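User: I would like to go through the labels given to this model and the reasons behind them. Please set each value against its cut-off.

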Amino acid sequence: MSNPIDFAHSQRRRFYDELWQFLRIPSVSAKSEHDADTERAAEWVRVQLEDAGLEARTYPTPGHPVVVGAWSGAGPDAPTILIYGHYDVQPPEPLDLWNSPPFEPEIRDGRIYARGAADDKGQLFLHVKALESHLATRGTLPVNVVVLAEGEEEIGSPNLVPFVREHRARLAADTVVISDSAMFAPGLPSLLFSLRGLAYFEIHASGPSTDLHSGAYGGAIRNPANALAKVIGDLHDDDGRIAIPGFYDDILDPSPETLEGFARLPFDAAAYTGEVGAPPEGGESAFSPLERMWTRPTCDVNGLLSGYTGEGAKTVLPAKAMAKLSFRLVPGQTPERVRELLEAHLASAAPPGVELTLVELHGGRPWLASLEGPLFEAASSALEQSFGARPVLAGEGGTIPIVVELEEILGANSLLLGFALPGANMHAPNEWFATDCFERGIDTLIRLYDELAEL
Ligand code: BES
Ligand code: MN
Ligand code: MN
């Protein structure tokens, strides 16, 4: 057999079996009880890359290992692509909301259900199988390839920047290719022009030295939970704008062409949010829902902790309260600057009797594609041949922290093409990946490597 696409189709059963092996490994990066599993997933990826015909190594880091695979047989005149993906997954909890166990993959109604099926094991696997299909049939690849797979994306990639700096020579590439996002709609692929950044904090409020009887002390002291609730409430004004002085100052507005593109997309905001049981409300009222998700920053409470939350009532004034607070950032903003602004704001917002302290968890800068013609044309062609539709340009509200860093350190441009579908339940119970996208995804990537060789 000489055609990589025919090969991939003939090997489908085995590809599914191997994906099942991968999805069964509970590589939850956030939980140390899964450290051995996470390491096992790294080793599994390394062996897969070797079996596909690449040279592959796992590198230990202070956290989870990095896997690097390489194939440079296309020679110094051919371009080099770096394929990035992550083999770690989010915690599967709450388990009782899953219809099948998160680490026992199952196909129902044309969907592969498992934690990591879409984010990002399933999509990383597409690249491995596309590489294998080329090498197994032609004995060669049209481009030189470096595969970089990390196990800490879901916890903010704390060890990857130093790794990339240290190994920049080994990772050198002309183009970065990432499949860790979604298509715009079923049958309608997309190329991303942006990712939002992230700045994630905890705010700790502390008051009296101990929890107190709320009758004996109520009215005499300030309750840190009340104080924190007010601080959080005051973070937005009535129009949904973030009320931290200076917060919007550095933002670079999207181009008029970008905004005109949004109007042409087949997007029904009420249907999009209706599917999750909510109206499209709550963001900045002066902007459309797509603008709010793709081009505007947000500030959201991700968790709250204080006082008595068990069964029944307990009359108590808590000594402490805590909020987990994250900001999605857009071009012009940085996690460092947001931290400074938030710190200054909290210093002036803390009422007498309550102390507020800020702890930074992790962050990532926003990414904006350099919409380079030939790169996007190559990807569009591969997507169109495989899905029967030309891709749309789309923004993305989520974050992949390493993208900006990879571009800067390696001096490369990135191509972000993802194969999940909207509503794939990434990070949520019942995560899924459509079998149709899985199969067409491999075809697309096989074609993409050929197209990239022409650049
Ligand atoms: N793959 C996602 C980012 C994403 C989500 C892209 C949906 C496109 C559509 C990535 O794994 C992710 O979850 N990123 C985190 C970043 C973090 C933990 C630092 C995010 O966006 O919350
Ligand atoms: Mn991901
Ligand atoms: Mn994720």
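Analyst: A residue is called buried when its relative accessible area is under 20%. The model discussed here is predicted.

User: Why is glutamate 154 called buried?

Analyst: Glutamate 154 has 13% relative accessibility, and the cut-off is under 20%. Glutamate 154 therefore counts as buried.

User: What makes aspartate 119 count as buried?

Analyst: The relative accessibility of aspartate 119 is 5%, to be set against the limit of under 20%. Aspartate 119 therefore counts as buried. Histidine 86 is buried too.

User: How do you know which protein atoms are donors of the manganese ion (ligand 2)?

Analyst: A donor must be an N, O or S atom within 2.8 Å of this metal. His86 (NE2), Asp119 (OD), Asp180 (OD) and Asp180 (OD) lie 2.0 to 2.4 Å from the ion, so they meet the cut-off. Along the chain these donors follow the spacing H-x32-D-x60-D. Histidine 86 is in strand S3 (residues 80-86), and aspartate 119 is in the loop between strand S5 (111-113) and helix H4 (121-138), 33 residues apart.

User: Why is the site of the manganese ion (ligand 2) called irregular?

Analyst: The site has six donor atoms, with angles of 57 to 166° among them. Six donors count as octahedral if opposite donors are over 155 degrees apart and all others lie between 65 and 115. The angle of 57° fits neither range, so the site is irregular.

User: What coordinates the manganese ion (ligand 3), and why is its site irregular?

Analyst: The manganese ion (ligand 3) is coordinated by Asp119 (OD), Glu154 (OE), Glu154 (OE) and His427 (NE2), at 2.1 to 2.5 Å. Its six donor atoms make angles of 56 to 155°. Octahedral geometry needs opposite donors over 155 degrees apart; with 155° as the upper end, that condition is not met, so the site is irregular. The donors follow the spacing D-x34-E-x272-H. Aspartate 119 lies in the loop between S5 and H4, and glutamate 154 in the loop between strand S6 (144-150) and helix H5 (160-166), so the pair ties together parts 35 residues apart in sequence.

User: What makes aspartate 119 a bridge?

Analyst: Aspartate 119 coordinates both manganese ions, ligand 3 and ligand 2. The two ions are 3.6 Å apart.

Technical notes:
Residues numbered from 1 in each chain as written. Chains lettered and ligands numbered in written order. Predicted model: local features only at pLDDT ≥ 70, side-chain atom pairs only at ≥ 80, totals over all residues. Heavy atoms only, no water. Donors = N, O, S within 2.8 Å, 3.2 Å for Na, K, Ca; no water. Tetrahedral: all angles 85-135°; square planar, octahedral: opposite > 155°, others 65-115°. Helix = DSSP H or I, 4+ residues; strand = E, 2+ residues; numbered from the N terminus. Buried < 20%, exposed > 50% of the residue type's maximum accessible area, 1.4 Å probe, protein only.
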